[in-house]
Amino acid sequence: MMDAEDLDAVVIAAQSGDEQAFRLLYRTQQPALLRYLRILVGEDAEDVASEAWLQIARDLRTFSGDFDGFRGWTATIARHRAMDLLRSQRRRPQPAAADEFLAELRAADDTADRALELVTTDAAVALIAALPPEQAEAVMLRVVVGLDAKSTGKILGRRAGAIRTAAYRGLKNLAARLAQPAQPPPEQRRSASWSNPVTTSAAPALKEMR
Amino acid sequence: MTSPEEWTPMDRKTADSLLRGDRTGHALDRVLAAAQAPATAAELAGEADAMAAFRAAAQAPAKHRKRPSVIQSCLTRMLTLKVAAVAFATSATVGGMALAANTGALHEATFSAPEPSATATSEAAQVSPPVSPTVSPPAQVGTTSSATPKKRVTDTDLCTDFQRNHERFREQVRRAGKNQVEMERTCRTRAGAPNTSPSARQPSREPFRDRNGGGTRTPEREPQQGGGNTGGAGQPHR
């Protein structure tokens, strides 16, 4: 990971047409955008991400700011493209379902800590995606995209305070969900607490996820 | 097995640390770290496409900065339009007058103007009812019947100035290199027909009519202007 000042310079270099600089920006930012998009559009995240990059490449010269600004700018573009897709499909945000990952967590070992050792990026993103949408977005933009509460609020059209609360609640929810399988009476607790936290319709999408 | 402190309920402080990316010893550490993990090859599969888009954008002519200049460009565009419109109007008026004066078409335009349109509209009025009930055919006939309406428009503009703003009228006439007295006469005569203008300067009108010997035309206008001439202020008094 480069430090912030270097990346600021990389943004400027890319804006003046430096290909290697743009490649570095892509490699640095694409995973975050893709994972963020995963919670918005699920299996369509790759397609939406490529659309977003087309626009980023085209409009990069119109952007002004440092790398932090670039992160927020690209996240905004990605979100707009995701909303376009959702509008065109007339559906609500449909994140990757967490069921299957949670099932894997359970299957691997009955103890949660054993399962958590195996937690993959996809599983983690799916767990976050299972949160209520505003909490999921707040957590993803803050933790994965790396934005502060203010920038996140700008993207989501809310105040920084509301973002802080949403992110906090999201983490609290996440912790509670992780905690539950490890509690003593596993069988009953599990069947009750893991009863379908998200819609099952997205389950086929998981087959295609890498 | 799970250590008890790992499952402590989330408090705000821990949440803030987690959001900052700090390690807190909380179970969520691993989940969030996994969510932040470095890119996998699969995630970077679109790199070639992105690079192609970047090259294409680099080859395209450099666009001006969009964001800061949306309002600016709008304003600039509007201003440009206005300036262009004013320039066009001025040049059309002045240039038209100069041209008319040079070619001697001024009098022709001034005096023959009412006729074509009148005949055209009367023709249209006669023809159009059987053809179609719409309004557009007569309008088209009226405008396309001859070129004189164009000249008439510029004359009208000038004469409007004459009626409303004498200062500007003088200026325009002077710029056009036109004789002001003659232009005033023209305007007065013209003013008689369409809108029965005031044209308070009666004396200058008389010699003009005599000199041009508008035998065919002046009789038509005489009865209309009779009241206006004596009143001096035209319509409001009538």
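**Notes on a predicted two-chain model**

1. A:Arg81 is a buried residue, since its relative accessible area is 18% and the cut-off for being buried is under 20%. The model is a predicted one, and this arginine makes a convenient place to begin reading it. A:Arg81 sits in helix H4 of chain A, and its side chain is in polar contact with the side chain of A:Asp84, at 2.5 Å. Leaving aside residues up to four places away in sequence, A:Arg81 touches A:Val48, A:Glu51, A:Ala52 and A:Gln55.

2. Helix H4 of chain A also holds a pair of aromatic residues. A:Phe67 and A:Phe70 form a stacked aromatic pair, with 6.0 Å from centre to centre and 25 degrees between the planes. The two residues are three apart in helix H4 (residues 67–89), and therefore about one helical turn separates A:Phe67 from A:Phe70. As a general point, an α-helix has 3.6 residues a turn, so residues three or four places apart point the same way. Both members of this pair, A:Phe67 and A:Phe70, are buried.

3. Chain A as a whole contains twelve helices and zero strands, and its elements, read from the N terminus on, run α-α-α-α-α-α-α-α-α-α-α-α. Of the 210 residues of chain A, 52% count as buried. Where contacts in chain A have a separation of 6 or more, 68% of them are accounted for by residues 24 or more positions apart.

4. Chain B, for its part, has twelve helices and zero strands, and from the N terminus on its elements run α-α-α-α-α-α-α-α-α-α-α-α. Among the 238 residues of chain B, 33% count as buried. For contacts in chain B between residues at least 6 apart in sequence, 56% join residues that are at least 24 apart.

5. How many residues of each chain take part in the contact between chain B and chain A? On the chain B side there are 41 residues, and these are in contact with 49 residues of chain A. The size of an interface is often given as the accessible area lost when the parts come together. For chain B and chain A the buried area is about 4,100 Å², and carbon and sulfur atoms give 65% of that area.

6. Charged and polar links also join the two chains. There are four salt bridges between chain B and chain A, and B:Glu47 forms a salt bridge with A:Arg27, in which the closest N and O atoms are 2.7 Å apart. Between chain B and chain A, 13 residue pairs are in polar contact, counting pairs with both residues at pLDDT 80 or more. On the side of chain B that touches chain A, the elements that give two or more residues are helix H1 (12–20), helix H2 (28–35) and helix H3 (47–59) of chain B. H3(B) gives the most to that side, with nine residues. Sorted by class, the side of chain B that touches chain A has 26 nonpolar, four polar and eleven charged residues.

7. Aromatic pairs come to seven over all chains. The rings of A:Phe22 and B:Phe54 have their centres 4.3 Å apart and their planes at 10 degrees, and therefore this pair is stacked. The pair crosses between chains, running from A:Phe22 in helix H2 (residues 19–41) of chain A to B:Phe54 in helix H3 of chain B. A:Phe22 is buried, and B:Phe54 is buried too. Ring pairs also link A:Phe22, A:Tyr26, A:Trp53 and B:Phe54 into a cluster.

8. Which residues of H2(B) are buried? They are B:Leu28, B:Asp29, B:Val31, B:Leu32, B:Ala34 and B:Ala35. The helix H2(B) is thus mostly covered, with six of its eight residues buried. As noted above, helix H2 of chain B is one of the elements that give two or more residues to the side of chain B that touches chain A.

9. A last residue to look at is B:Arg170, in helix H9 (residues 166–175) of chain B. Is B:Arg170 buried or partly exposed? B:Arg170 counts as partly exposed because its relative accessibility is 30%, which falls between the cut-offs of under 20% for buried and over 50% for exposed. B:Arg170 and B:Val181 are eleven residues apart in sequence, and their C-alpha atoms are 9.8 Å apart in space.

Methods. Residues are numbered from 1 along each chain as its sequence is written. Chains are lettered from A and ligands numbered from 1 in the order in which they are written. This is a predicted model: local features need pLDDT of at least 70, side-chain atom pairs count only at pLDDT 80 or more; totals for chains, interfaces and linings use all residues. Side-chain values use heavy atoms; hydrogens and water are left out. Contact means heavy atoms within 4.5 Å. Buried area is the accessible area (1.4 Å probe) that two parts lose on being put together, summed over both. A salt bridge is a side-chain nitrogen of Lys or Arg within 4 Å of a carboxyl oxygen of Asp or Glu. A polar contact is a pair of N or O atoms within 3.5 Å; within protein, one must be able to donate a hydrogen and the other to accept it, and residues adjacent in sequence count only if both atoms are side-chain atoms. Helices (H or I, at least four residues) and strands (E, at least two) are DSSP runs, numbered from the N terminus. Ala, Val, Leu, Ile, Met, Phe, Trp, Tyr, Cys and Pro count as nonpolar, Asp, Glu, Lys and Arg as charged, and the others, Gly among them, as polar. Rings of Phe, Tyr and Trp (its six-membered ring) pair if their centres lie within 6.5 Å; planes under 30 degrees apart count as stacked, over 60 as edge-to-face and the rest as tilted. Buried means under 20% relative accessible area, exposed over 50%, partly exposed in between (1.4 Å probe, protein chains only).
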